[in-house]
Amino acid sequence: MITLYHCQFARSFRPLWTLEELGLPYELKVLPFPPRAQAPEYLKVNPLGTIPFVVDGETRMSESAAICQYLAAAYGPSPLDVRPGEPGFGDYLNYLHFGEATLTVPQAIYLRYTWLEPEARKLPQAAADYATIFHGRLRKLEPLLERRDWLAAGRFTAADISVGFAILLAERLSLDDGITPAVRRYFERLRAREGFQRAVAAQARAAAEQGVAPAAYRRS
Ligand SMILES: N[C@@H](CCC(=O)N[C@@H](CS)C(=O)NCC(=O)O)C(=O)O
């Protein structure tokens with residue numbers, strides 16, 4: 001049984017969505033955010049204190065995009081995975097990593113300096129600069145998504161889950177005023193997927209069962 005440690009609507013939503021798209025059985029352990037402060041016993045599971053964390057037999061993983069790639073490849077064959085010989089393999093790896101390294105890292109800095117830090121340590125200038133950086137990077141997807149429905153190999157893959165989560169997080173952080181029209185239509189396609197909706201329902205159900213407060217879609 002695969003175990004996924006998760007906080008609602010955090011990066012661990014990527015593997016959760018992937019598990020639902022693949023139709024795999026899994027155990028979902030929901031933690032309050034941030035687990036480092038709210039659930040210190042979790043440091044025994046993942047000394048980094050970050051989520052996601054996946055345990056699958058002897059396998060332990062803590063990088064959200066890598067976990068999506070692992071699940072799609074290890075439990076395939078699945079259209080979510082793109083194999084090395086296929087056209088679009090380079091796009092697949094590129095956008096899997098683009099979603100986390102290029103898009104979510106500036107979002108995380110924005111989150112930190114607008115929401116997570118105590119009032120005295122908030123940095124409005126850093127938050128505004130990283131919002132601008134995020135929007136500038138996200139805009140680079142606009143011409144591509146005017147021509148294509150999906151990022152790689154002509155179909156929905158784990159790369160769309162990686163980038164799709166960054167757009168979800170933009171909405172959650174109210175950074176969505178910088179979402180351009182083709183990117184917006186792309187996100188509507190992603191959000192309409194049954195796998196996405198099952199992931200949203202699964203995290204709400206598990207949070208309620210495990211006594212974790214529900215998370216609103218938009219932070220306020
Ligand atoms: N690159 C890692 C980043 C993991 C990460 O920083 N997760 C955040 C949540 S979205 C976290 O756990 N933050 C809480 C903390 O660092 O204490 C990934 O893609 O999974």
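**Reading a predicted fold, from one loop outward**

Guide: A153 lies in the loop between α6 (142-147) and α7 (158-172), and we can start there, bearing in mind that the structure above is a predicted model.

Visitor: What is the value of phi at A153, and is the residue buried or exposed, or something in between?

Guide: The phi angle of A153 is near 65 degrees, which is a positive value in a residue other than glycine. For exposure, a residue is called buried under 20% relative accessible area and exposed over 50%, with partly exposed in between. A153 has a relative accessible area of 28%, so it is partly exposed.

Visitor: Where is S174 placed, and how should its backbone and its accessibility be read?

Guide: S174 sits in the loop between α7 and α8 (181-191), and its phi, near 55 degrees, is again positive in a residue other than glycine. Because its relative accessibility is 40%, S174 counts as partly exposed.

Visitor: Which peptide bond before P34 should I look at, and is it cis or trans?

Guide: The omega angle is the one to read here: for the bond from F33 to P34 it is near -5 degrees, and the bond is cis. P34 itself belongs to the loop between β2 (26-30) and α2 (35-38). A cis peptide bond also joins I51 and P52, with omega about 10 degrees, and P52 is found in the loop between α2 and β3 (53-56).

Visitor: Turning to the helices, which residues of α8 are buried, and why can they be said to lie on the same side?

Guide: The buried residues in α8 are A182, V183, Y186, F187 and L190. They cover an arc of only 140 degrees around the axis, and therefore they are on the same side of α8. As for their partners, the buried residues of α8 pack against α1, α5 (124-139), α6, α7 and α9 (194-209).

Visitor: Helix α1 is among those partners; what can be said of L22, and which residues does it touch?

Guide: L22 is placed in helix α1, residues 13-22, and with 19% relative accessibility it counts as buried, since the cut-off is under 20%. Leaving aside residues up to four places away in sequence, L22 touches L71, A72, S78 and L80. As a further reference distance, the C-alpha atoms of L22 and A201 are separated by 16 Å, although these positions lie 179 residues apart along the chain.

Visitor: How many helices and strands does the whole chain have, and in what order do they come?

Guide: The protein chain has nine helices and four strands, and along the sequence they follow the pattern β-α-β-α-β-β-α-α-α-α-α-α-α. Of the contacts with a separation of 6 or more, 70% are accounted for by residues 24 or more positions apart.

Visitor: Why is the radius of gyration said to agree with a compact globule, and what are the overall dimensions?

Guide: A compact globule of 220 residues would have a radius of gyration near 17 Å, and the protein chain has 17 Å, so the two agree. The C-alpha trace spans about 50 × 45 × 25 Å along its principal axes, and 50% of the 220 residues count as buried.

Visitor: Lastly, what does the chain expose, and how far apart are the mean positions of its charges?

Guide: The protein chain exposes about 10300 Å², of which carbon and sulfur atoms supply 55%. The mean positions of its 26 positive and 24 negative charges are 3 Å apart.

Methods. Residues numbered from 1 in each chain as written. Predicted model: local features only at pLDDT ≥ 70, side-chain atom pairs only at ≥ 80, totals over all residues. Heavy atoms only, no water. Helix = DSSP H or I, 4+ residues; strand = E, 2+ residues; numbered from the N terminus. Rg over C-alpha atoms; globule rule 2.2 N^0.38 Å. Buried < 20%, exposed > 50% of the residue type's maximum accessible area, 1.4 Å probe, protein only. Contact = heavy atoms within 4.5 Å. Areas by Shrake-Rupley, 256 points an atom, 1.4 Å probe, with all protein chains shown as cover. Lys, Arg positive; Asp, Glu negative; His and termini not counted. Charge placed at Lys NZ, Arg CZ, Asp CG, Glu CD. Arc of directions from axis to C-beta.
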